[in-house]
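Welcome, and thanks for joining this tour. Open your viewer, get your selection tool ready, and follow along one stop at a time.

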Amino acid sequence: MKKVLLTFALCLPFLVHAQSRLSTNTPQLPASKTKAVKANRVTTDQDVLQNANRSKSLSQRTAAYNPIGSVIGTSTYDLQTNASVSRRILKYNAGQISVVWTFSGAASPWSDRGSAYVNFDGTMWGPQPSVRIETTRTGWPAIASNSNNQEIIASHDPATGQYNLKFNTNQGIGNTSWTQTTPLSSKGAIWPRATSVGDNLYVLNNHNDTGYVEPLNGMKQPMYYSRSTDGGITFVDDHIIMPGYDTARYTRGGGDNYAIDANENYVVVGLAGFTDDVAYWKSMDYGATFTKYIPFPFPFAAYSDELTDVDGDGIADTLDTNDSSCDVLLDGSGNVHMWFGYTRMINPAGSPDSTFFFPGTNGIVYYSEQFDSLQIIAGAVDCDGDGTLTIGDLTTNGTSGDQGARYRTSCLASMPMGMTDNAGNAYCIFSAVREGADSTANGQNYRDVMVTWSNDGGLTWNPEQNLTNDAVSTDRFGSEEVFANINRFSSDGFMHMSFMADPEPGTELTNGDDPVVSEIRYARFDLASIISGAFGPCGNATVGFNDIASTNATSINAYPNPASGSVSFNFDLNANSSAKITISNALGQSVMTIANGTFAAGSHTVNANLSTLEAGVYFYTFTTENSVITRKLVVTK
Ligand SMILES: [Ca+2]
Ligand SMILES: [Ca+2]
Ligand SMILES: [Ca+2]
Ligand SMILES: [Ca+2]
């Protein structure tokens, strides 16, 4: 057996931090509950059920099920990732939103599986898709756009026996006519990610040769990077392996354990894996060259199931590591932000069959390139305040008892995704099991979508809040919201989110749940509510979220603007609603309330006397039951 000790830090030409136990304020399970689970590696696209030969029919929702947001589609195939969540929502400045997901309308073995696409055109969502966009069976869509406002969807095609990527391009944002091409060479490509800046299109995927026998560059299932500079017509880099991604540190890659982001000339590729480093590659020249960094090294180089004895006493040690889910994000200054799920692992026998991880671990870890800091910033919350988490340890994969559902090697907190806004704030959403939301037939805890945010560039993070705990009021019964993904940058004051929702924690594919039609939902969250802490650590379903279809403030305008002496606000409501208009100064201090009451559906005009205000720039905020609009108002004398 190969014996590798903690000596790599001195011999690598890139940034490495000494591993130390992550300090955390997130509550952890009692020791008796933190059991180890054998880690099954994901080696191929999962086309077969964990519990095969079941003959149940697809079931529909129960009446009590009423999660937030609006349904924009469905899928009977309910595994949207093996680890990291893909950014499958694009929000355009003109107001359109495009969402993709892995779709099927059929029962196992999901013969019609493929990419579903739906677009919000600024007024309404397109119809829910009932068929895939590809001509053949695919999955795992990644979406990007080019400078012609065409949208490009990359998905993997297992039909050839050797996986490959299919690219489908439409004629413009929202257009549902697709032209299918295969611009990349066939390299057994699976589980793609994509992002773009102008005509620079970046694609990341895993290698898979179905037999899982062909090592490339000495590694099984390595991650690949590809780059197009003409909007996806041709690729100048076709399935290349990143510099420093080699047998010195790696024996294999993994399914969906990577992320990519681009912003102006910057590109970042992030990589995790529970027996590997958390690493990223950064480019400052549109992806032509990359430099590798390792913010959180795994204690063993090129780990291949050795005894995890790092202190040399012959006894396996439990190691802090990542749960294979990660995200990377570039802010407006080109600084890298990286998040990953926290877990621990041990191999007590030094054999391939004895690699275990601890799914009861609780924490989202954040790395800041700017501050070179690594910290646990959030996790599942002790909602009843008794000092411990009353959540199962997920060892039985969420099938009974006081379990939440485990998704592959995800832990209590997992699947992070980042966003920044035009005020310089950073946000991280993640999936966490919610203590107390314990209302399924099996007594399972639901996973909700959580958020934490930072107003100092990632140096410190505010307490986590629960965005989707729908079990807090009588009209919103419990439901599982997972695979949440959001826009990478917000310029409109909202976080736009798509996610999968259903009444049953876990998936049919990996948890052996009954077949179900899962919903793909959209919701948007106003950042002002997140910043004010309105959702709270355990959820408050009455504030802050809305979906565009039910937004009752359709418009507001101030006239004249600039205004002198007086101003008129004209607004429309498409339903009866409370409505308030306030004016604040450039410091954010409220200086005037103009309207505050209940208004009927329809058009309204409210006049205001501005004579008490100094000349200058102000903002008016229009708040209704489910929306907040803030716009600039200039006052002259
Ligand atoms: Ca030891
Ligand atoms: Ca508790
Ligand atoms: Ca929920
Ligand atoms: Ca489910």
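In which strand does proline 560 have its place? Select residues 553-564: this is strand S32, and proline 560 sits in it. Keep in mind as you look around that this is a predicted model. Now show the backbone just before this proline: the peptide bond from tyrosine 559 to proline 560 is cis, with omega near -10°. Move along to proline 562, which also lies in strand S32. The bond leading into it, from asparagine 561 to proline 562, is cis too, with omega near 15°.

**Step back to the whole chain.** Show everything as a cartoon. The protein chain has 2 helices and 38 strands. Of its 637 residues, 51% are buried.

**Go inside.** Select Val268, Val269, Tyr280, Ile364, Ile429, Phe430 and Ala484. These have the most contacts inside the largest nonpolar core, which has 126 residues. Next colour strand S24 (residues 426-433), because its 7 residues in this core are the largest share. Then centre on valine 269. Beyond its neighbours within four places in sequence, its contacts are Leu204, Tyr225, Met242, Tyr258, Ile260, Tyr280 and Trp281. Another core, of 16 residues, lies apart from the big one; to find it, select Phe569, Leu573, Tyr618 and Phe622, which are among its members.

**Visit a pair of strands.** Select strand S16 (residues 278-283) together with S17; the two pair in the antiparallel sense over 4 bridges. One pair to look for is lysine 282 and its bridge partner in S17, threonine 291. Is strand S17 (residues 291-296) largely enclosed or largely open? It is largely enclosed by the rest of the structure, because 5 of its 6 residues are buried.

**See an open sheet.** Here 4 strands line up in the order S6-S7-S8-S9, with antiparallel pairing. Strand S6 (139-145) and strand S9 (179-181) are the edges, each pairing on one side only. From one strand to the next, the twist averages 25°. Zoom in on S6 and strand S7 (residues 151-157), joined by 5 bridges, and you will find isoleucine 143 partnered with isoleucine 153.

**Finish in two loops.** Glutamine 221 is in the loop between strand S11 (200-207) and strand S12 (223-228). Although not a glycine, glutamine 221 has a positive phi of about 50°. It has 25 C-beta neighbours inside 10 Å, so it counts as buried. Now select aspartate 305, in the loop between S17 and strand S18 (319-330). Aspartate 305 also has a positive phi, of about 70°, but with 18 such neighbours inside 10 Å it counts as partly exposed.

Conventions
Residues are numbered from 1 along each chain as its sequence is written. Chains are lettered from A and ligands numbered from 1 in the order in which they are written. This is a predicted model: local features need pLDDT of at least 70, side-chain atom pairs count only at pLDDT 80 or more; totals for chains, interfaces and linings use all residues. A nonpolar core is a set of buried Ala, Val, Leu, Ile, Met, Phe, Trp, Tyr and Cys residues joined through C-beta atoms within 7 Å. A residue is buried if 20 or more other C-beta atoms lie within 10 Å of its own, exposed if 12 or fewer, and partly exposed in between; C-beta atoms are placed from the backbone. Two residues are in contact if their C-beta atoms, placed from the backbone, lie within 7 Å. Two strands pair if DSSP finds at least two bridges between them. Axes are lines fitted to C-alpha atoms, for helices over the stretch in contact, and angles run from 0 to 180 degrees between N-to-C directions.
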